[in-house]
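Grab your viewer and work through these exercises one at a time. Try each task before you read its solution.

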Amino acid sequence: MIKHFRYILIFTVLLNACSNTKYLASGQKLYTGGEVKIQDKDIKKSDAKALTEELQTLLRPKPNSAILGLRVKLWIYNKTRTKKTKGLAHWLNTKFGEPPVLVSSVNLENNSDILQNRLQNESYFQAQVNGDTVGKKKTAKAVYSVLTGSAYKIRKVIFPTGSESIDTAVAGTAAQTLLKPGNNYNLDIIKNERIRIDAKLKEEGFYFFAPENLIMRVDSTITGHQVDIFVAIKRDISERAQEIYTINNIYVYPSYSLRDTSLNLDKAQKYRWYNIVEKRKTVNSYIFANTVLLRPGEVYNRTNHNNSLNRFVNLGPYKFVKNRFEDVTDSPKLDVYYFLTPYKKKSLQLELLGRTTSANYTGTQVNINWLNRNAFKSGEALKVTLFGSTDVQFGGNNNGFNVYQAGIQTTLSWPRFISPFYPKADNAYIPHTNLTLGYTLVDRQKLYRLNSFNASFGYQWKESVHRSHELNIFNFNFVNPQHISQLYVDSINNPKNTNPALKHVIDKQFIFGPSYGYTYTNTTEDNRTNTFYYNGKISLSNNLYGIISGADSVHGKAKQIFGANFNQYVKIENEIRFFHKTGPNSKFASRLLVGVGLPYGNSTQLPYSQQFFIGGPNSLRGFQARTIGPGSYAVKVAAGNFFPDQSGDIKIEANIEYRPKLFSIVYGALFMDAGNIWLKNSNGLQPGAVFTKNFLNDMAVDAGFGLRFDLSVLVLRTDLGVPLRYPYSRPGKKEWDMNFRYSVFNLAIGYPF
């Protein structure tokens, strides 16, 4: 079959080529692309390959695009050519068609000059390039023969030796130079070296210096194909480019608009080291103490300059931030101006959301958000959200047991630490103190109703572009069940279908304690081959009070607060993601999740809201959400009854996915997922649910494929997951069994990780 498919594919490609070239006029040839051939035998194969790939990207024009060798866009263009300026044919022709790229449009001499120039810029000073066309009757390609010659290497780099402050400053950057003896000469690296030196000088007060003030003299007369590079300062640079500047006065305009044409310095009100200028008071003066990092009398510093701008932008109330530096007459000093254009103080937003889950639930949600961006004139953001949602299942085990939610969430965020201890923070990021209060009503039709109250107070801050922290001094959550139906009670007490998870859902929950989370990521750096993401979190609940009160539920000494047994536990969560680029448009993505909850004292298991779940579109995609585990326990559902959500105290999950670009905005995916959840302690009613040293035998495994449509503003994702291994035994079934009858289709927004 594969052999026949190969012949069919070759025949299709040839047929496509013929069908496109028959539209060409007499004497015209379709351009099929350019080829670079490096003919030097002395150059290393790895270097020749890298050069070939680089030079290929410089060739112009590009040939007609192709998918698996088929020039689909060209075929559409030929088939829909029309003289009409309207209609379906015209729309297809202009929107999806692509006119033929002819070999006559290829400028061999110009391309050869471009390739030769690039080679000379990359140490091959004696390079020679010649281009020619090689063709058939109706098609032709361009072939460029390259003789690189020997590569010139850097012998030594000489920095200025003068005694002027600018000479000393440039010479002081030598230790971090990008120009390393023994490396090949490279013009791009020389340009980057000038930028690096300029950036270093900006840290030392040389505000008006520029990379163009530097010149790199190259001596290529050295024997043995070597060069010496002399780093020098141009003789004709301005006097102020050589001056070290300090900060003079700082002015902040909190209510600036384009209509303002006067600086109004007579209205400046001094606060500590900066001045506030505004006609009508809109903010408290101390709001900018956390954003203005420059200080009068200090030497100008580019890092503090940029960090201050970023902090103004991230402060919250301001839509636009404009910065200006003016030099003081007859003095190497700078006056600093920050012009801030505020958002409208209050806003009201309506959000309509739609969603679907692998458990066959289709849902909608409505959010009404009210926001005050400057609630108390110090940049505080006060947000109140009213929300309501419905989740309905059509078919499946939960048909008719719809879920309705409604509630309110209030958040007050200060753009600073509200604390007796104020950690030093002079980077580009504003720390935030957050207070939240909320209430949610969950109504699962025919089963139960839950009232959930929550509150938290804590801090968020970024240590650097890669590291961020979140510390909550306290998290409070109280869940009170009401209106439990007889159907649900009967399901709990059914001796033929005993499942403690049903009872656990409607247990009262009382959580009170701190939490801390740490995140490291460099995944935004697209130039890296390998990128990494880590998120770790630890949560505590009633630990000190539980110890003091002597709570011990195992021995009948359960303690209560507000008429409810409080939850006592330590919970640790870890998520690691690793991404490896295999090409410009493809990568391997992998993830490992390990979560452990340790209930003790007043608890034998984590509260339901804090337990782990597995399965679904962002987890094990071959299984429906919350249907796997704990351990090797197999849940049984009576006919016409509902499917209980399976939860656990311990979770291990691993995922790997290959993501190649197929064409245009369409990306593919091949994936495999494995994992499960477990209980920490046995309840005697779910055999195989407890975590043991043989946990690998409880792993559920699936594999599948999918498509991702990258629409820039969002990614629409489809996945088809197929179970390969169930964690529980199935009579008459193999341990490993791939059966597409049990596959799960997932439709989601965004990548799974």
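**Exercise 1. A lysine and its patch**

Is K377 buried or partly exposed, and what is its relative accessible area?

*Solution.* K377 has a relative accessible area of 35%, so it counts as partly exposed. The scale goes like this: buried is under 20% relative accessible area, exposed is over 50%, and partly exposed is in between, with a 1.4 Å probe and protein chains only. Before going further, note that this is a predicted model: local features need pLDDT of at least 70, side-chain atom pairs count only at pLDDT 80 or more, and totals for chains, interfaces and linings use all residues. Residues are numbered from 1 along each chain as its sequence is written, and side-chain values use heavy atoms, with hydrogens and water left out.

Next, place the residue: K377 is in the loop between β13 and β14. Helices (H or I, at least four residues) and strands (E, at least two) are DSSP runs, numbered from the N terminus. Now check the backbone: K377 isn't a glycine, yet its phi is positive, about 65°.

Finally, look around on the surface. K377 gathers with R280, K281, K345 and K346 in a patch of positive charge. Patch residues have over 30% relative accessible area and no salt bridge; like charges are joined within 9 Å, and nonpolar side chains (Val, Leu, Ile, Met, Phe, Trp, Tyr) within 5 Å. Lys and Arg count as positive and Asp and Glu as negative, while His and the chain ends are not counted. The place of a charge is NZ of Lys, CZ of Arg, CG of Asp or CD of Glu. Areas come from Shrake-Rupley with a 1.4 Å probe, and for residues only the protein chains shown count as cover. K281, another patch member, sits in the loop between β9 (274-276) and α8 (302-314); its relative accessibility is 46%, so K281 is partly exposed too.

**Exercise 2. The nonpolar patch**

Find which residues make the nonpolar surface patch of about 760 Å².

*Solution.* Start with the members: L348, L350, L352, V366, I368, W370, L386 and I408. Then map them onto strands: β12 (346-356) and β13 (361-372) each supply at least two residues. L386 belongs to strand β14 (residues 381-393). With a relative accessible area of 45%, L386 is partly exposed.

**Exercise 3. Salt bridges, and an acid without one**

Work out which salt bridge R621 forms with D719 across the chain, and what D702 does.

*Solution.* Begin with the principle: side chains of opposite charge can pair when their charged atoms come close. Here a salt bridge is a side-chain nitrogen of Lys or Arg within 4 Å of a carboxyl oxygen of Asp or Glu. The structure holds 26 of them.

D719 and R621 make one, with their closest N and O atoms 3.5 Å apart. This pair links distant parts of the chain: D719 is in strand β28 (residues 715-725) and R621 in the loop between β24 (586-599) and β25 (650-663), 98 residues apart. Both D719 and R621 are buried. Zoom out and you'll see a network of salt bridges linking R621, E657, R659, D673, R708, R717 and D719.

Now turn to D702, in strand β27 (residues 700-710). D702 is buried but has no salt bridge; R621 is the nearest side chain of opposite charge, 5.6 Å away. What D702 does have is a side-chain contact with the backbone nitrogen of G622 at 3.1 Å. A polar contact is a pair of N or O atoms within 3.5 Å; within protein, one must be able to donate a hydrogen and the other to accept it, and residues adjacent in sequence count only if both atoms are side-chain atoms.

For contrast, try D507 and K503, whose closest N and O atoms are 2.6 Å apart in a salt bridge. D507 is partly exposed because its relative accessibility is 23%, and K503 is partly exposed at 41%.

**Exercise 4. Backbone oddities**

Which residues does a cis peptide bond join, and where is the positive phi of N542 placed?

*Solution.* One cis bond joins R60 and P61, with omega about -5°. Another joins G629 and P630, also with omega about -5°. P630 lies in the loop between β24 and β25.

As for N542, its phi is near 50°. N542 sits in the loop between β20 (530-541) and α11 (543-549), and at 7% relative accessibility N542 counts as buried.
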